[in-house]
Amino acid sequence: MLKLYGGARSRASIVHWYLEELEIPYEFVKLDMQAGEHLKPEYLAINPFGKVPAIVDGDFKLWESGAILLYLTDKYGKTALSLQERAVFSQWTLFGNSTLATGIFVEANREREMPRLLTFLNEILERQPFLLGNEFTVADVAVGSILSYIPMMLKLDLSPYPAVLNYIKQLSERPAFQKSIGGGA
């Protein structure tokens with residue numbers, strides 16, 4: 001059975017959310033980060049950097065939330081992806097983990113980056129319910145998780161971006177979200 005390793009209030013909740021969406025069996029191994037369980041040799045054998053999340057799927061070990069999301073899409077997704085579809089999923093996953101996260105959570109970047117990023121996302125979400133159209137995908141987990149952290153952690157005013165606010169609300173009502181990020185995982 002696939003194992004997800006994570007800690008309280010970590011990016012493991014992003015992978016946890018996607019595993020719930022995929023409805024595949026997995027075991028969540030919650031590491032006590034305060035006690036340093038992520039720095040013990042057993043875990044360093046999975047991720048030598050001692051960061052979470054990481055997964056073990058059979059003999060395969062993988063760390064970095066974005067890489068894990070893409071792996072899960074490839075292995076457990078409902079449809080086979082073309083090279084172009086896979087590239088678009090990668091684009092949005094990397095955007096969420098890098099561009100969006102640093103544009104919002106790095107305070108020195110926020111004033112300059114947040115309006116540009118959220119204005120564009122708001123325009124997309126005014127036209128369609130999800131980032132890539134009418135279907136929920138891994139792109140929504142990657143980007144939606146970062147967006148959902150804004151009201152939870154930063155309490156920033158998102159009123160200039162009503163479609164983004166609605167998107168966050170819609171995602172937060174998904175049962176899989178409630179079992180993971182919404183449940184404080």
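**Exercise 1. Locate L39 in this predicted model and state which residues L39 touches once residues up to four places away in sequence are set aside.**

Solution.
- Step 1. Begin with the contacts: leaving out residues up to four places away in sequence, L39 touches L44 and G50.
- Step 2. Assign the position: L39 belongs to the loop that runs between strand 2 (26–30) and helix 2 (41–44).
- Step 3. Set sequence against space: 17 residues separate L39 from L22 in sequence, while their C-alpha atoms lie 30 Å apart.

**Exercise 2. Describe the backbone at E23 and at the bond between V52 and P53.**

Solution.
- Step 1. Place E23: this residue sits in the loop between helix 1 and strand 2.
- Step 2. Read its phi: the value for E23 is near 55°, which is positive although the residue is not glycine.
- Step 3. Turn to the peptide bond: V52 and P53 are joined by a cis peptide bond, with omega about 10°.
- Step 4. Place P53: the loop between helix 2 and strand 3 contains P53.

**Exercise 3. Determine how strand 3 and strand 4 are arranged, and examine the hairpin they form.**

Solution.
- Step 1. Establish the direction: strand 3 (residues 54–57) and strand 4 (residues 60–63) run antiparallel and are joined by four bridges.
- Step 2. Identify a facing pair: A54 is opposite W63, a residue of strand 4.
- Step 3. Inspect the turn: the hairpin has two residues between its strands, and G58 adopts a positive phi near 70° there.

**Exercise 4. Characterise the interface between domain 1 and domain 2.**

Solution.
- Step 1. Set the bounds: the domain assignment gives domain 1 as 2–76 and domain 2 as 83–179.
- Step 2. Relate the two domains in space: taken over C-alpha atoms, their centres are 22 Å apart.
- Step 3. Count the residues in contact: domain 1 contributes 16 and domain 2 contributes 21.
- Step 4. Assess the area: about 1600 Å² is buried between the domains, and carbon and sulfur atoms account for 65% of it.
- Step 5. Count the polar links: five residue pairs, both members at pLDDT 80 or more, are in polar contact between the domains.
- Step 6. Trace the domain 1 side: helix 1 (12–22) and helix 3 (65–76) are the elements that give two or more residues to the side touching domain 2. Helix 1 gives the most, with seven residues.
- Step 7. Classify that side: its residues comprise five nonpolar, six polar and five charged.

**Exercise 5. Count the salt bridges of the structure, then those between the two domains, and explain what the pair K179 and E20 ties together.**

Solution.
- Step 1. Take the whole structure: seven salt bridges are present.
- Step 2. Restrict the count to the domain interface: three salt bridges connect domain 1 and domain 2.
- Step 3. Examine one pair: the side chains of K179 and E20 form a salt bridge, with an N to O distance of 3.7 Å. The cut-off for a salt bridge is 4 Å, so this distance qualifies.
- Step 4. Interpret the pair: K179 is in helix 8 (residues 175–179) and E20 is in helix 1, so the bridge ties together parts that are 159 residues apart in sequence.

Definitions and conventions:
Residues numbered from 1 in each chain as written. Heavy atoms only, no water. Domains from an automatic or database assignment. Contact = heavy atoms within 4.5 Å. Buried area = accessible area lost by both parts, 1.4 Å probe. Polar contact = N/O pair within 3.5 Å; in protein donor to acceptor, adjacent residues only side chain to side chain. Nonpolar A, V, L, I, M, F, W, Y, C, P; charged D, E, K, R; others polar. Pairing = 2+ DSSP bridges.
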